Amino acid sequence: MSTSHWKRIVVKVGSALIAPYQQGCSSHYLLGIAQFIANCRAQGCQVVLVSSGSVAAGKHRFSDVAEPSVSLKKAMAAAGQADMMATWDKLFDFPSAQLLVTHGDLRDRERYVSIKETIFTLLDHGLLPIINENDAVTTDKLRVGDNDNLSAMVAAASDADALIICSDVKGLYTKNPNLHDDAKLIKQVSDISEDIYAMAGGATSSVGTGGMRTKIQAAEKAISHGIETMIVDGFDADTFNQLLKGQNPGTLFTPYDEPMQEHLHWMTHTSQVQGELIVENDFDADLEEQDTQLTSDDVVAVKGNFSVGDTVLVRKGDGTKLAKAKSNYSSCLLHFISDQEDREFANNAQQKTGPLISDKNIAILEQI
Ligand SMILES: Nc1ncnc2c1ncn2[C@@H]1O[C@H](COP(=O)(O)OP(=O)(O)O)[C@@H](O)[C@H]1O
Ligand SMILES: N[C@@H](CCC(=O)OP(=O)(O)O)C(=O)O
């Protein structure tokens, strides 16, 4: 672990660091982070910044509500995003660029590749991409919902070597340190098990989203792509000195030795299931094998509304998840085929359109 060995990193900064006083943005805690980013760039390491804070920055423009509604939060984000960008921009002597994305963008392969292209073009031209969720336009169906998971998706899209999540605590503790005095910092995690998830609670600040749980989810996504991940204290200026010296100031999640291929990682961790193909409980064909491709004869039910190219979940009737895959058929056509008495019809349709799922876009799931 050393900044001088990293070619590219993603730094994620939480809301509490950007708007610590709930009165718009403050550069107070951002100076150390900005200096760290500048130092990394000077060492030849490209940096992508995922910055939260639009809601926190825009909050003071609205009358005080204890629990703002989703539409009020979207309006706060619209009001605060420019302030957040301007606050960062003031701290750099190189240009930055804003990229606002939703899960609707990231789970669509064409738009995902387009986002990747923009990130790389900005980096190649020496700009700092600053990425946030486009909160103002999201709906329940479209949002990632938290910037921890977003930063892991961005780290995968950027082919980063490391993801540094700057939070308001030193790292992952055995329990929430804001609620338990005897909580102990965990310095290194090499296996993200259920026990690790059990330690992680939600956010206790009014502006944070997700707390530690979404940070563990993000680490899980990133390490499976071979990206080492750290949760560090963004409030402590010494954090960044330690990072520059190659030390671990918080919790380090070690990456998989054999990372998933980019396409499979996207299918597993970024694409979203739009429907389900349900097969018999005794189905045991290898879905990745060309000659045992899924046919409409194997499928006992089709759930959800999906189009050609959407991601579907293939699962058994008993709930066992088999694979996430790209569908070559729409749900409408599959229903039409299964409603036909004449099996010849289904065979002819499949001969023309090919197997139900594309053999190049299958992520086999651990059977749970
Ligand atoms: N096991 C844990 N270790 C550390 N922090 C935890 C833990 N469980 C819950 N938390 C909470 O997670 C918070 C950090 O998440 P969050 O508020 O979303 O911050 P950020 O804005 O940095 O994303 C901590 O301040 C703490 O209250
Ligand atoms: N997109 C939101 C950030 C949501 C979020 O995940 O916040 P945080 O937990 O502070 O990283 C915003 O800009 O306010």
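Half of the chain is tucked away: of its 368 residues, 50% count as buried. The structure is a predicted model, and what follows should be read as a description of that model. On the outside, the chain exposes about 17,000 Å², and carbon and sulfur atoms supply 47% of that area.

As for overall dimensions, a compact globule of 368 residues would have a radius of gyration near 21 Å, and the chain comes out at 22 Å, so the two agree. Taken along the principal axes, the C-alpha atoms fill a box of roughly 70 × 45 × 45 Å. Contacts also reach a long way along the sequence: counting those between residues at least 6 apart, 72% join residues at least 24 apart. Charged side chains number 32 positive and 49 negative, with 6 Å between the centres of the two sets.

The secondary structure adds up to 13 helices and 13 strands. Eight of the strands make an open sheet with mixed pairing, and their order is β3-β4-β2-β1-β5-β7-β8-β6. At its edges sit β3 (96-101) and β6 (188-189), each of which pairs on one side only. Within this sheet, β1 (residues 8-13) runs parallel to β5, and five bridges join the two. One concrete point of register here is K12, whose bridge partner in β5 is I165.

Further along the chain, β9 (residues 273-279) has pairings of both kinds. With β11 (residues 311-316) the pairing is parallel and spans six bridges; with β10 (residues 299-303) it is antiparallel and spans four. Two residues of this arrangement help to fix the register: L277 has V314 as its bridge partner in β11, while E276 has K303 as its bridge partner in β10. As a general matter, side chains in a regular strand alternate between the two faces of the sheet.

Back at β5, the loop leading into the strand holds a backbone oddity worth a look. Most residues other than glycine have a negative phi. D159, however, has a phi near 50°, a positive value in a residue that is not glycine. This aspartate lies in the loop between α7 (147-157) and β5 (162-167). Is D159 buried or exposed? Neither label quite fits, because its relative accessibility is 46% and exposed would take over 50%, while buried means under 20%. D159 therefore counts as partly exposed.

Terms used: Residues numbered from 1 in each chain as written. Chains lettered and ligands numbered in written order. Predicted model: local features only at pLDDT ≥ 70, side-chain atom pairs only at ≥ 80, totals over all residues. Heavy atoms only, no water. Rg over C-alpha atoms; globule rule 2.2 N^0.38 Å. Buried < 20%, exposed > 50% of the residue type's maximum accessible area, 1.4 Å probe, protein only. Contact = heavy atoms within 4.5 Å. Areas by Shrake-Rupley, 256 points an atom, 1.4 Å probe, with all protein chains shown as cover. Lys, Arg positive; Asp, Glu negative; His and termini not counted. Charge placed at Lys NZ, Arg CZ, Asp CG, Glu CD. Pairing = 2+ DSSP bridges.
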